[in-house]
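Let's take a walk through this protein, one neighbourhood at a time. Keep the viewer open and follow along.

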Amino acid sequence: IAIEKEFVKGVKLIDVDTTIADYMSNVILPELTENGAKLKVPLVYGNAERWANARKDGYLRDQRGKIQIPLLMFKRNSIERNETLQHFNEVLTMPAYQVYSKSNRYERFSLQNGVKPVQELYSIGIPSYVTLTYEVMIWTSFTEHMNKIVEAFQWATDRYWGKEDGYKFKVKIDSFDNQQEVGAGSERIIRTTFTMNVNAYLLPEKFNELPIVKKENSKKRVVFG
């Protein structure tokens, strides 16, 4: 198989979090229209303090005390081994190769001198396959806005989220819980919560001080005599 960029430096939990966040922000979340202006839905990671405040009040306030709306907040709840895909054996590896890199150039004139293109060969340890659970909360002022967001997430379920040249993880969303809250004064807030199950893989850069990914180059020239 051809080498994927993430395997060279390993795959960490923060890589999964970032991939999911980027996909939600740049691909799924639609632009909303309010008073004739386009509105982008902000996305934040729910640390312990933010999540506790949102659970207590039913919404989230900024540093000036103003209710943040619209807003999407998410956090990672759990990590569970995916038993159906486990092949843990430190002896097993996956072969991979990189045909071209900036430090390994091959030109057509090299063929005249009997020089073959050099391939970067990699031996990669088998990743640990896991299922990550994320909880998501979304707030909007209008039901029409919430409907548009929920429809986008429903369309994106059971797909691989990520970039073409980077990480990709399969995400499943089963159901959405819709509620109406009352904020400061008579302000109405529409809130939706749901859980995402993400099938992912983890691969450390090193284990027991030894690299998980080992690299070598194929032979560039063979000389007889």
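A handy place to start is Asn82, which touches Tyr129, Val130, Thr131 and Asn199, leaving out residues up to four places away in sequence. You'll find Asn82 in the loop between S4 and strand S5 (93-98). Loop or not, Asn82 counts as buried, because its relative accessibility is 12% and the cut-off for buried is under 20%.

Now zoom out. Bear in mind that this is a predicted model. The protein has 4 helices and 13 strands. Of its 225 residues, 39% are buried. Take the contacts with a separation of 6 or more: 74% of them are between residues 24 or more positions apart. As for the outside, the accessible surface comes to about 14,400 Å², and carbon and sulfur atoms account for 51% of that.

Next, the aromatic rings. A pair of rings is described by how far apart the centres are and by the angle between the planes. There are 8 aromatic pairs in the structure. One of them is Phe74 with Tyr134, a tilted pair with 6.0 Å from centre to centre and 40 degrees between the planes. Phe74 sits in strand S4 (residues 71-81) and Tyr134 in strand S7 (residues 128-140), so this pair ties together parts of the chain that are 60 residues apart in sequence. Are these two buried or exposed? Phe74 is buried at 2% relative accessibility, and Tyr134 is buried too, at 0%.

Another pair to click on is Phe153 with Phe194. Their ring centres are 5.1 Å apart and the planes meet at 55 degrees, so this pair is tilted. Here the link runs between helix H4 (residues 143-156), which holds Phe153, and strand S10 (residues 188-202), which holds Phe194, so the pair ties together parts that are 41 residues apart in sequence. Both Phe153 and Phe194 are buried. They also belong to an aromatic cluster, together with Tyr23, Trp161 and Phe176. Elsewhere, a ring has a charged partner: Lys75 lies over the face of Trp51, 5.1 Å from the ring centre.

Go back to strand S7 and look for Thr140, which is located there. Thr140 is buried, with a relative accessibility of 0%. What does its side chain reach? The side chain of Thr140 gets to the backbone oxygen of Phe142, at 3.0 Å. Setting aside neighbours within four places in sequence, Thr140 is in contact with a list of residues that includes Ile69, Pro70, His145, Met146 and Ile190.

Two of those names lead to a backbone oddity. Most peptide bonds are trans, and most residues other than glycine have a negative phi. The peptide bond from Ile69 to Pro70, however, is cis, with omega near 0 degrees. Pro70 lies in the loop between helix H3 (48-57) and S4.

Phi has its surprises as well. Asn35 has a positive phi of about 55 degrees, although it isn't a glycine. Asn35 belongs to the loop between strand S1 (32-34) and strand S2 (37-39), and it is exposed, with a relative accessible area of 80%. Asp158 also has a positive phi, near 65 degrees, and is a residue other than glycine. Look for Asp158 in the loop between H4 and strand S8 (159-162); at 41% relative accessibility it counts as partly exposed.

That leaves the charges. A search of the whole structure turns up 5 salt bridges. In one, the side chains of Arg55 and Glu135 meet at 2.2 Å, N to O. This pair links distant parts of the chain, with Arg55 in helix H3 and Glu135 in strand S7, 80 residues apart. Arg55 is partly exposed at 45% relative accessibility, while Glu135 is buried at 14%.

Asp62 and Arg64 form a salt bridge as well, at 3.9 Å, N to O. Asp62 is partly exposed at 25%, and Arg64 is exposed at 75%. Finally, Asp174 forms a salt bridge with Lys172, where the closest N and O atoms are 3.6 Å apart. Asp174 is exposed, at 57%, and Lys172 is partly exposed, at 37%. Salt bridges that share partners bring Asp158 back into the story, joining it with Lys172 and Asp174 in one network.

How values were computed: Residues are numbered from 1 along each chain as its sequence is written. This is a predicted model: local features need pLDDT of at least 70, side-chain atom pairs count only at pLDDT 80 or more; totals for chains, interfaces and linings use all residues. Side-chain values use heavy atoms; hydrogens and water are left out. Rings of Phe, Tyr and Trp (its six-membered ring) pair if their centres lie within 6.5 Å; planes under 30 degrees apart count as stacked, over 60 as edge-to-face and the rest as tilted. Helices (H or I, at least four residues) and strands (E, at least two) are DSSP runs, numbered from the N terminus. Buried means under 20% relative accessible area, exposed over 50%, partly exposed in between (1.4 Å probe, protein chains only). A charge sits over a ring if NZ of Lys or CZ of Arg is within 6 Å of the ring centre and within 35 degrees of the ring normal. A polar contact is a pair of N or O atoms within 3.5 Å; within protein, one must be able to donate a hydrogen and the other to accept it, and residues adjacent in sequence count only if both atoms are side-chain atoms. Contact means heavy atoms within 4.5 Å. Accessible areas come from the Shrake-Rupley method with a 1.4 Å probe; for residues, only the protein chains shown count as cover. A salt bridge is a side-chain nitrogen of Lys or Arg within 4 Å of a carboxyl oxygen of Asp or Glu.
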